[in-house]
Amino acid sequence: MLEAAADAVYNPFHMKSALTIAGFDPTGGAGLQADLAVFRTLGVFGLSTVAALTAQNSSGVSAVTPVNSRFLRKQLDVLFQDLLPDAVKIGMLLAGDNVRTVASALRRHDLRNVVLDPVFLSSTGKRLAEKDVPALLREKIIPRCSVVTPNFHEAAVLAGIKIRSSRDREKAASVLHAMGAEAVIITGGHAEGSADDLFFNGTFHLLKGQRVQGEFHGTGCTFSAAVAAFLAKGESPLQAAKSAKAFMRKAFGRSFSAGGRLRLFDIR
Ligand code: PLP
């Protein structure tokens, strides 16, 4: 693994690449720094553009501000002049204008293997999306996605239904799939009971998971970045979901407390 990472630095054009369009997290436990750590560990060259800034530590998010959408567009267009990634992971965009900007760039550059991790609230309850973001993701991003990775809450918001049972979760997955995503994974980590993830690409697959005790920072970011990395390497959405879930098992095993409320993943 470490050899692949060293190679990534010196031979970017001889390996697959993935781009994250996400938020900046000073802890590195979530957002684009976590995504880059996952890409590197999985042997995929990591590209990153920043859509939002946060002030936070392992106790939670204190403040957020979006990057100006014209500047986000510049980051994407300049990057795509000579580097087109094999996969794209979209995380915290924060502002509706940034959703429009990303949708336009995906379209103009015809990018494939797009993974959307919808980010609305932090684990500690801080709002990480402005009010118009869910509707814009539904309309402009989800139809271009290979995989969408909401948790229960995000799936309920995007599908516009309450999720109280496994039937409701299946319904939400079908609604998001019908919006145009090739595959939907509603993760189970934030739910009561088991930590099974529900995968739907026209057929339902329950991906079994063991619940891990504790509160973790960056779980959704880490999982969705791993899905993007495995897509970049040529796996199908279902295989990428399974591979990313196995990767998460290792990440939980290597988590640590930095002193605050949330545990961070040590991704190597
Ligand atoms: N900060 C950034 C930049 C994020 O992208 C996210 C979640 O996606 C968070 C903070 C919140 O992470 P968590 O809820 O895991 O603490």
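## Ligand site

In this predicted model, an oxygen atom of the ligand lies 2.6 Å from a polar backbone atom of Ser123. A polar contact is here a pair of N or O atoms within 3.5 Å; within protein, one atom must be able to donate a hydrogen and the other to accept it, and residues adjacent in sequence count only if both atoms are side-chain atoms. Two further contacts are formed at 2.7 Å: one between a ligand oxygen and an N or O atom in the side chain of His217, and one between a ligand oxygen and a backbone N or O atom of Gly218. Taken alone, the ligand exposes 400 Å², of which the protein buries 92%; accessible areas come from the Shrake-Rupley method with a 1.4 Å probe, and for residues only the protein chains shown count as cover.

The ligand is surrounded by 14 residues, the closest being Gln56, Ser123, His217, Gly218 and Cys221. A residue is counted as near a molecule or strand if one of its heavy atoms lies within 4 Å of it.

## Basis of the values

Residues are numbered from 1 along each chain as its sequence is written, and side-chain values use heavy atoms, with hydrogens and water left out. Because the model is predicted, local features need pLDDT of at least 70 and side-chain atom pairs count only at pLDDT 80 or more, whereas totals for chains, interfaces and linings use all residues.

## Nonpolar cores

The largest nonpolar core holds 44 residues, and Ile21, Ile90, Val102, Leu137 and Ile141 touch the most other members. Such a core is a set of buried Ala, Val, Leu, Ile, Met, Phe, Trp, Tyr and Cys residues joined through side-chain atoms within 4.5 Å. Buried means under 20% relative accessible area, exposed over 50%, and partly exposed in between (1.4 Å probe, protein chains only). Helix α4 (residues 96–108) supplies the largest share of this core, five residues. Apart from this core lies another, of 31 residues, including Val115, Val227, Ala229 and Leu231.

Leaving aside residues up to four places away in sequence, Leu137 touches Leu93, Val99, Leu116, Pro118, Phe120, Ile142, Pro143 and Leu158. Contact means heavy atoms within 4.5 Å.

## Helices α4 and α6

Helices (H or I, at least four residues) and strands (E, at least two) are DSSP runs numbered from the N terminus. The 13 residues of α4 should span 18 Å at 1.5 Å a residue, and the end C-alpha atoms of α4 are 19 Å apart, which agrees; the expected span is 1.5 Å times one less than the number of residues. The buried residues in α4 include Gly96, Val99, Val102, Ala103 and Leu106.

In helix α6 (residues 152–159), the buried residues are Glu154, Ala155, Ala156, Leu158 and Ala159. The buried residues of α6 pack against α5 (133–141), α7 (166–178) and β7 (183–186). Asn151 caps the N-terminal end of α6, with a side-chain oxygen 3.0 Å from the backbone nitrogen of His153. Just after α6, Gly160 takes a positive phi of about 70°.

## Loop between α4 and β5

Most residues other than glycine have a negative phi. Asp110, just after α4, takes a positive phi of about 50°, and Asn113 has a positive phi of about 55° although it is not a glycine. Asp110 lies in the loop between α4 and β5 (114–116), as does Asn113. Asp110 counts as partly exposed because its relative accessibility is 41%; Asn113 counts as partly exposed at 24%.

## Leu47, Ser58 and Ser194

Leu47 is found in strand β2 (residues 45–57) and is buried, with a relative accessible area of 7%. Not counting residues up to four places away in sequence, Leu47 touches Ser17, Ala18, Leu19, Thr20, Leu36, Phe39, Leu79, Leu83 and Pro85. Leu47 and Cys221 are 174 residues apart in sequence and 15 Å apart in space, C-alpha to C-alpha.

Ser58 lies in the loop between β2 and β3 (60–66) and counts as buried at 9% relative accessibility. The side chain of Ser58 reaches the backbone nitrogen of Gly260 at 3.1 Å. Beyond four places in sequence, the contacts of Ser58 include Thr27, Ala258, Arg261 and Leu264. Ser194, in the loop between β7 and β8 (197–200), is partly exposed with a relative accessible area of 41%. Leaving aside neighbours within four places in sequence, Ser194 is in contact with Gly188 and Arg211.
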